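The following exercises introduce a protein chain through its computed properties. Each task is followed by a solution in steps.

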Amino acid sequence: MGSMGYVNYLKGLERSQWFKRKDLEKLQERKLRYLLKTSYKHVPYYHDLFKKAGITPEEIRSLDDLEKIPVLTRESLKTQTNRFIANNIDPRKLIPDYTSGTTTGERLSIKRLKETYDRAISAELRAYRWYGAYRKMFYYVTGTDVDVEKNRTLKKRLYNFVTKTITISPLEFSMKKRLDRFLKELKKNKRRVLYGTPSGICKLVDILDERNIDINLDVIISTDEPLLKEQRKYLEDRYGCEVYDIYGTSEVWGIAFECSLHGLYHITSENVIVEVVNENLERVSPGERGRILLTDLNNTEMPIIRYDIGDFGIISDDECECGRGLHALRPIDGQMVLRETNYILSSSGKKIFLPEFGFLLEDHSKVKQFQILQRSRKKILVRIVKGRDYDKKTEESIFRRLLSLLGDVEIEFRYVKDIPFDKNGEHRYVMRTEFTRSP
Ligand SMILES: [Zn+2]
């Protein structure tokens, strides 16, 4: 039965997670060689790319050889989308998935065969097993209202029968009917998994508080946005449940999943090759921070090879205590990856990334949400949604800590009732005016 493909893939993944790393790498190399061969033969973009670079797929035998292939930028994928689709695939069989829009709102459509989705979904299901979330009721708090609809269609088509889900977009919190319906469903079940963006989940918790709705949660799974360690702690304390962080994108699903023992993040080695490179696009050693490049080993219908996703990460060389041979990312300041655009410049020009500002969320009774806007090198605006215990002392302490991070800058505080989610239904913690003309 075609629709049950994921069952076999999941069985396979449950076995291969215990393989030794070198055996997983052999598996990766085998899949890589096939991917390159078919990409060269059937995908116009890669055919030309290889020709121009003067390489043939046969030259690339090992994971090290992969470095010979030029890096894929979002720009190329966006402007030449159709040239990425293999010409030996019946286009009617391709199912599109859409990336979230960038700040300018453009979206990419990534196409896959159902089998490729099944393989990706299986990796998610494997992690749900680690987390004790498998086959429980999932409440999704993520994306835009449009995504919610698209997701419903995609999920119904692909795996609604494996994972029961109720979805709301943070953008729908202000729509009374949709929110009421979601809350009604949320109250119904006992074995609940809350899955979504940390900002959306924390906002939902505020809404539950306002309405005096008390629920138990089995697991919280964070996705699509950076999970700050302060948010993790808040949610853990609040619900007394485990919080796990997962890393995926629409371009390459299910890249890495936090280990059930926490600590490291396991890469889905069977499906994805993760490389970390420096600004000259040369590989860095494990333990060193660099840009993340992704290669999807399953999607031969619209191949994504050495894709620069715009995130920074660290590959870990450590063996995980859980015994899984899967490759792993090591967290940076409590985060699996850093987003390229999530920083504020200090007065001396140093990039201060989001996790450094996480302290603002240390105490939810003081600060419920924040947003830091850099208007110029020296001018910083801080928007704050106050909690009940916020006072002058809190402001002074935030002021001092920001000065110590940012140096000689002017800081203005602005207190607001709410900070709207962006067009993607995500919260933007830090922004610079050079990136957004209309904050
Ligand atoms: Zn582990």
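**Exercise 1.** What percentage of the contacts in the protein chain with a separation of 6 or more is accounted for by residues 24 or more positions apart?

Solution. The model under study is predicted. Among contacts with a separation of 6 or more, 68% join residues 24 or more positions apart.

**Exercise 2.** Describe the build of the protein chain and explain why it counts as compact.

Solution. Begin with the secondary structure: the protein chain holds 10 helices and 20 strands. Next, compare the radius of gyration, 22 Å, with the globule rule, which gives 22 Å for 439 residues; the two are close, so the chain is as compact as a globular protein of that length. Then consider the extent of the C-alpha trace, which spans about 65 × 55 × 40 Å along its principal axes. Finally, turn to burial: 57% of the 439 residues count as buried, where buried means under 20% relative accessible area.

**Exercise 3.** State how the surface and the charges of the protein chain are made up.

Solution. The accessible surface comes to about 19,800 Å², and carbon and sulfur atoms provide 48% of this area. For the charges, there are 79 positive and 66 negative ones, with mean positions 5 Å apart.

**Exercise 4.** Which residues of helix α9 are buried, and what covers them?

Solution. Helix α9 comprises residues 229-239. Its buried residues are E230, Q231, R232, Y234, L235 and Y239. Their cover includes the elements α8 (198-210), β6 (219-222), β7 (242-247), β8 (256-258) and β9 (265-267). Just after α9 comes G240, with a positive phi of about 60°.

Definitions and conventions
Residues numbered from 1 in each chain as written. Predicted model: local features only at pLDDT ≥ 70, side-chain atom pairs only at ≥ 80, totals over all residues. Heavy atoms only, no water. Helix = DSSP H or I, 4+ residues; strand = E, 2+ residues; numbered from the N terminus. Rg over C-alpha atoms; globule rule 2.2 N^0.38 Å. Buried < 20%, exposed > 50% of the residue type's maximum accessible area, 1.4 Å probe, protein only. Contact = heavy atoms within 4.5 Å. Areas by Shrake-Rupley, 256 points an atom, 1.4 Å probe, with all protein chains shown as cover. Lys, Arg positive; Asp, Glu negative; His and termini not counted. Charge placed at Lys NZ, Arg CZ, Asp CG, Glu CD.
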